[in-house]
Amino acid sequence: MASLIRVLDPQSANRIAAGEVVERPVSVIKELVENSLDAGAKHIEIAVEGRGTSLIRVQDDGSGIPAAEMPLAVLRHATSKIRRVEDLDTLSTLGFRGEALPSIASVSRLALTSRPPGEISGRILRLEGGQRVSFDEIGAPVGTTVSVENLFYNAPARLKFLRSDNTEFGLISDVVGRIALAHPEVAFKLTHPEQTVLQTAGRGRLLESIGTVLGKELARRLLPLSLEQGIWSLAGYLSPPDLVRSSRQAVTFIVNGRCVRSPVLMRALEEGYHTLIPVKLHPLAVLHLKLPASEYDVNVHPAKMEVKFAHEQALADFLTAAVRRTLLDAGRGRRNSHCQ
Ligand code: ADP
Ligand code: MG
């Protein structure tokens with residue numbers, strides 16, 4: 001990747017600025033892992049201690065950051081991913097605001113170590129509360145490692161707002177699991193503190209990742225769905241109507257590799273199950289939706305968790321129809337096999 005990190009012009013920066021993206025440890029993990037994915041990493045290792053405030057470390061084997069650009073990476077609104085707001089129409093990366101690293105650095109002790117392929121050695125840039133402490137040459141593997149210590153040490157209000165180690169780590173493993181489902185082609189490893197909590201193979205098989213993240217028994221029961229129509233392509237796995245959950249937590253929507261919360265898609269999915277499962281119960285699903293970047297706006301939510309679709313209703317109808325057909329076909333298949 002020959003992309004240069006540059007500071008966005010003030011107008012562009014203002015139109016996409018999100019303000020605070022680092023609310024709690026899980027936000028740090030999400031931002032760092034997304035950076036690793038944007039860098040084309042094939043292996044991403046995430047180490048967490050406690051609830052993430054003592055240590056979060058994300059190591060990748062991605063494209064790395066050239067030494068001369070490392071100081072830029074931690075500047076506000078400095079990004080290699082877009083040049084101007086219009087670039088969002090063709091966005092192919094998860095990040096674009098240039099806010100994550102500076103925001104994280106301002107509330108922690110951060111070390112950014114990076115070595116692009118072709119460089120003999122790496123560099124390590126250390127910051128404390130956003131201020132540079134040192135910038136040195138260092139032996140390092142190809143890729144980037146960001147380690148974040150003492151998160152929120154200078155933000156007592158944030159610290160006070162955090163819950164127990166278990167709750168915070170629960171949020172972290174949930175998000176890492178969903179990102180792993182969004183990227184079966186990447187091998188993820190999550191450790192806490194020294195124990196491996198999650199490890200995916202990165203072989204590009206979604207069902208294999210679902211088995212690792214949600215359980216093999218469950219994965220075996222899911223129904224495959226795959227459908228293309230015009231600019232939309234939908235693929236993934238759904239629960240049969242007799243496999244339900246009491247919450248909507250077991251649904252993961254992935255739009256062009258980005259995990260999103262979408263009331264529109266959720267309603268459309270549940271509409272597909274209408275009359276097949278009891279009201280108040282919910283299906284389980286992992287669905288990858290691919291569509292042109294110009295068909296939705298990701299610049300509507302600070303953490304980019306929500307997107308706004310241009311043709312919301314038509315998309316919802318497409319999803320409902322795809323789900324309905326998958327469920328009815330599976331039902332028919334089962335009935336036939338009982339007859340034999
Ligand atoms: P954004 O992701 O919105 O561009 P960030 O603050 O997250 O902003 O990162 C700033 C820049 O630092 C990125 O645009 C990218 O060029 C570089 N960068 C950050 N993390 C990595 C990484 N893991 N590998 C390679 N480059 C990275
Ligand atoms: Mg980023």
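# A walk through two sheets and a ligand

Start by selecting V48 and I56: I56, in strand β3, is the bridge partner of V48. What you have open is a predicted model, in which local features need pLDDT of at least 70 and side-chain atom pairs count only at pLDDT 80 or more, while totals for chains, interfaces and linings use all residues. Residues are numbered from 1 along each chain as its sequence is written, and chains are lettered from A and ligands numbered from 1 in the order in which they are written.

**Stop 1: the first sheet**

Now widen the selection to residues 43–49, which are strand β2, and residues 55–60, which are strand β3. (Helices, meaning H or I runs of at least four residues, and strands, meaning E runs of at least two, come from DSSP and are numbered from the N terminus.) β2 and β3 pair in the antiparallel sense over 6 bridges; for two strands to count as paired, DSSP has to find at least two bridges between them.

Which sheet do these strands sit in? Both belong to an open sheet of 8 strands, ordered β7-β6-β5-β8-β3-β2-β9-β10, with mixed pairing. Colour 131–138 and 196–199 to pick out its edges: β7 and β10 each pair on one side only. On average, neighbouring strands here are turned by 10 degrees against each other, direction ignored. (Axes are lines fitted to C-alpha atoms, for helices over the stretch in contact, and angles run from 0 to 180 degrees between N-to-C directions.)

Next, show residues 165–182. This is helix α6, and it packs on the sheet, touching β2, β9 (187–191) and β10. Contact means that the C-beta atoms of two residues, placed from the backbone, lie within 7 Å. The direction of α6 makes about 20 degrees with that of β10.

**Stop 2: two helices together**

Keep α6 on screen and add residues 206–214, helix α7. Two packed helices are described by the angle between their axes and the distance between the axes. How do the axes of α6 and α7 cross? They do so at roughly 170 degrees, and they come within 9 Å. That makes α6 roughly antiparallel to α7. (The label covers angles over 145 degrees; under 35 is roughly parallel, 65 to 115 roughly perpendicular, and the rest oblique.)

To see where they meet, select G177, A180 and L181 in α6 along with S209, I210 and V213 in α7. By class, the residues of this contact divide into 4 nonpolar, 2 polar and no charged. Here Ala, Val, Leu, Ile, Met, Phe, Trp, Tyr, Cys and Pro count as nonpolar, Asp, Glu, Lys and Arg as charged, and the others, Gly among them, as polar.

**Stop 3: the second sheet**

From α7, carry on to β12 and β15 (285–290): α7 lies across both, running at about 40 degrees to β12. These strands are in an open sheet of 5 strands with mixed pairing, in the order β11-β12-β15-β13-β14. Its edge strands are β11 and β14 (258–260), each pairing on one side only. From one strand to the next, the twist averages 20 degrees.

Zoom in on β11 (residues 223–229) and β12 (residues 232–238), antiparallel partners over 7 bridges. They form a hairpin with 2 residues between them, and G230 in the turn has a positive phi of about 55 degrees. Try selecting E228, which stands opposite S233 in β12, and then L225, which stands opposite G236 in β12.

β12 also runs antiparallel to β15, joined by 6 bridges; there, Y237 stands opposite V286. Over by β14, strand β13 (residues 251–255) makes an antiparallel pair with it over 3 bridges, and F253 has V260 as its bridge partner.

**Stop 4: where the domains touch**

Give residues 6–199 one colour and 222–339 another: these are domain 1 and domain 2, with bounds that come from an automatic or database domain assignment. Their centres, taken over C-alpha atoms, are 30 Å apart. How many residues are in contact? 18 from domain 1 and 12 from domain 2. On the domain 1 side, α2 (25–38) and α6 are the elements that give two or more residues. The largest share, 4 residues, comes from α6.

**Stop 5: ligand 1**

Finally, centre on ligand 1. Of the 22 residues around it, N35, A39, T79, G95 and A100 come nearest; a residue counts as near if its C-beta atom, placed from the backbone, lies within 6 Å. α2 gives the most to this shell, with 3 residues. By class, the shell has 7 nonpolar, 10 polar and 5 charged residues.
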